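Please look over the sequence and turn the structure slowly before reading on. The paragraphs below are meant to be read with both in view.

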Amino acid sequence: MRINKYLATSGVASRRKAESMILSHRVKVNGKIVTELATDITENDIVLLDNKQINAHIDFEYFMLNKPKGYVSTASDDRGRKTVVSLINSKSRIYPVGRLDFDSEGLLILTNDGELTNKLTHPRNNISKTYLVNINSTITETELQKLRNGVIIDGYKLHECIIKIIEKNKIETKMEITIFEGRNREIRKMFECIGKKVVFLKRIKIADLSLGSLKRGEYRQLSSKEIEYLYNL
């Protein structure tokens with residue numbers, strides 16, 4: 001097994017984060033620092049991360065959380081803000097899969113399975129994510145089409161997205177939006193491009209996995225069928 005996959009399977013990080021750990025000289029195999037990502041690990045090798053032994057054979061846990069506003073999507077925060085991990089009763093070293101920003105809410109998966117984390121977050125997989133979005137203004141069909149076609153944010157042209165109007169009046173527009181990338185604050189920045197401000201943002205689906213009736217701040221374990229579904233995306 002490649003060293004980055006070994007670390008991901010151990011639950012310490014996603015495969016991409018594991019690669020960063022290796023390149024930062026934090027990983028040793030049989031007492032020697034390893035920086036080659038192609039290094040293969042066997043069952044007889046001793047792998048250390050920050051001089052602590054790593055065991056790839058662990059029990060994985062998978063949770064769905066309805067993230068409330070006011071929590072950061074990290075395992076810890078150097079500014080002392082509340083974290084999504086603090087909402088989950090688990091003794092495992094779990095972490096969020098992807099992010100919802102501080103002011104956003106909704107469906108968030110937390111796990112200690114680095115391999116699944118990599119699958120769900122890697123850009124090449126284009127896994128869809130669906131949100132409820134409110135803006136405090138009207139929006140024209142021309143503006144909607146511009147968003148659907150993919151606007152440019154931070155020098156990057158976004159992929160096309162799906163936008164459905166749910167309700168609108170003179171002071172507010174409610175929409176359902178499906179994106180396929182999930183870049184940092186993507187939806188908020190999309191609307192900033194057309195001079196609009198998002199006042200409510202809630203993720204309700206990852207692919208066909210739905211938040212359902214889970215209330216704010218509540219969580220549940222994913223079923224074996226749901227885990228298999230995510231792995232097969």
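What follows goes from the whole protein to some of its parts.

The model is a predicted one, and its protein contains six helices and 15 strands. If a box is drawn along the principal axes around the C-alpha atoms, its sides come to roughly 65 × 35 × 35 Å. The protein has 233 residues, of which 48% are buried. Among the contacts with a separation of 6 or more, 61% are between residues that stand 24 or more positions apart.

The surface and the charges can be described in a similar way. About 12,800 Å² of the protein is exposed, and carbon and sulfur atoms supply 46% of that area. There are 40 positive and 29 negative side chains, and the centres of these two sets lie 4 Å apart.

A good place to begin with the details is helix α1, which covers residues 3-10. Seven of the eight residues in this helix are buried, so α1 is largely enclosed by the rest of the structure. The buried residues are I3, N4, Y6, L7, A8, T9 and S10, and what covers them includes α2, β1, β3 and α3. After α1 comes G11, which has a positive phi near 90°.

One of the elements just named as cover, strand β1, spans residues 27-29 and contains V27. Is V27 buried or exposed? With a relative accessible area of 0%, V27 is buried, because a residue counts as buried when this value is under 20%. Beyond its neighbours within four places in sequence, V27 is in contact with ten residues that can be found one by one in the model: I3, L7, M21, I22, K32, I33, V34, V47, L48 and L49. Two of these, I3 and L7, are among the buried residues of α1. For a sense of distance, V27 can also be set against E167, which is 140 residues away in sequence and 53 Å away in space, from C-alpha to C-alpha.

Backbone angles deserve a separate look. Most residues other than glycine have a negative phi. D50, however, has a positive phi near 55°, and D50 is found in the loop between β3 (47-49) and β4 (52-53). R185, which is not a glycine either, has a positive phi of about 50° and lies in the loop between β12 (173-179) and α5 (186-193). How accessible are these two residues? D50 is partly exposed at 40% relative accessibility, and R185 is partly exposed as well, with a relative accessible area of 36%.

The last topic is empty space. Rolling a probe the size of a water molecule over the atoms shows where such space is left. The largest pocket has a volume of about 1,400 Å³. This pocket is lined by 50 residues, and the closest to its centre are S73, P96, V97, G98 and R99. At least two residues of the lining come from each of α2 (15-23), β6 (95-96), α3 (114-121), β8 (129-135), α5 and β13 (198-206). The count of cavities of 30 Å³ or more comes to one, and about 50 Å³ of space lies in the largest cavity. The lining of that cavity is made by L120, T121, H122, P123, N125, N126, I127, K129, F180 and E181.

Key: Residues numbered from 1 in each chain as written. Predicted model: local features only at pLDDT ≥ 70, side-chain atom pairs only at ≥ 80, totals over all residues. Heavy atoms only, no water. Helix = DSSP H or I, 4+ residues; strand = E, 2+ residues; numbered from the N terminus. Buried < 20%, exposed > 50% of the residue type's maximum accessible area, 1.4 Å probe, protein only. Contact = heavy atoms within 4.5 Å. Areas by Shrake-Rupley, 256 points an atom, 1.4 Å probe, with all protein chains shown as cover. Lys, Arg positive; Asp, Glu negative; His and termini not counted. Charge placed at Lys NZ, Arg CZ, Asp CG, Glu CD. 1 Å grid on protein atoms, 1.4 Å probe; cavity = no way out; pocket = protein on both sides within 12 Å on 5 of 7 lines; lining within 4 Å. Points joined across faces, edges and corners; volume = space filled by probe spheres on them.
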